Amino acid sequence: MSVHGTQTMISFTKGGILLFADERRNVIINMLQSQGSVSVACLTERFGISIETVRRDLSFLEQKGVLTRVHGGAISNKGMNKSLQYTQ
């Protein structure tokens, strides 16, 4: 979880690439822009993180207006800015 701009939550992809929560959320945004939706199962596998962590990320991005959570994942909000990147 990021606190006051400090990146504290770290995860690894299957390829062993280190990702901070902010970076992971930007990847989720990019996936939504290209695919229109994401599933919790896909995100847990891609990032090698727990279901709870994915749900927290999706909840956070929903609060920011980026996506709408649905059963098992999330869908992109209509009219989402193509250059949108997560920032605190």
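Trainee: Among contacts in the protein between residues at least 6 apart in sequence, what percentage joins residues at least 24 apart?

Mentor: The share is 50%, a contact being heavy atoms within 4.5 Å. This is a predicted model, in which local features need pLDDT of at least 70, side-chain atom pairs count only at pLDDT 80 or more, and totals for chains, interfaces and linings use all residues. Residues are numbered from 1 along each chain as its sequence is written, and side-chain values use heavy atoms, with hydrogens and water left out.

Trainee: How many helices and strands does the protein have, and in what pattern?

Mentor: There are 3 helices and 5 strands, arranged along the sequence as β-β-α-β-α-α-β-β. Helices here are DSSP runs of H or I with at least four residues, and strands are runs of E with at least two, numbered from the N terminus.

Trainee: What makes α1 roughly perpendicular to α3?

Mentor: Helix α1 (residues 21-35) packs against helix α3 (residues 51-63) at about 70 degrees, their axes being 11 Å apart. Axes are lines fitted to C-alpha atoms, for helices over the stretch in contact, and angles run from 0 to 180 degrees between N-to-C directions. Roughly perpendicular covers 65 to 115 degrees, whereas under 35 is roughly parallel, over 145 roughly antiparallel and the rest oblique. The pair α1 and α3 is therefore roughly perpendicular.

Trainee: Which residues make that contact of α1 and α3?

Mentor: Helix α1 contributes Arg24, Arg25, Ile28 and Ile29, and α3 contributes Thr53, Asp57, Leu58, Phe60 and Leu61. They divide into 5 nonpolar, 1 polar and 3 charged. Nonpolar means Ala, Val, Leu, Ile, Met, Phe, Trp, Tyr, Cys or Pro, charged means Asp, Glu, Lys or Arg, and the others, Gly among them, are polar.

Trainee: Why are α1 and α2 called oblique?

Mentor: The axes of α1 and helix α2 (residues 40-47) cross at roughly 135 degrees and come within 12 Å. That angle lies in none of the named ranges, and α1 and α2 are therefore oblique to each other. Arg24, Val27, Ile28 and Met31 of α1 meet Cys42, Leu43, Arg46 and Phe47 of α2. This contact of α1 with α2 holds 6 nonpolar, no polar and 2 charged residues.

Trainee: How do you know that β4 and β5 pair?

Mentor: Strands pair if DSSP finds at least two bridges between them; β4 (residues 67-70) and β5 (residues 73-76) have 4, in the antiparallel sense. Val70 has Gly73 of β5 as its bridge partner. The hairpin has 2 residues between the strands, and Gly72 takes a positive phi near 85 degrees there.
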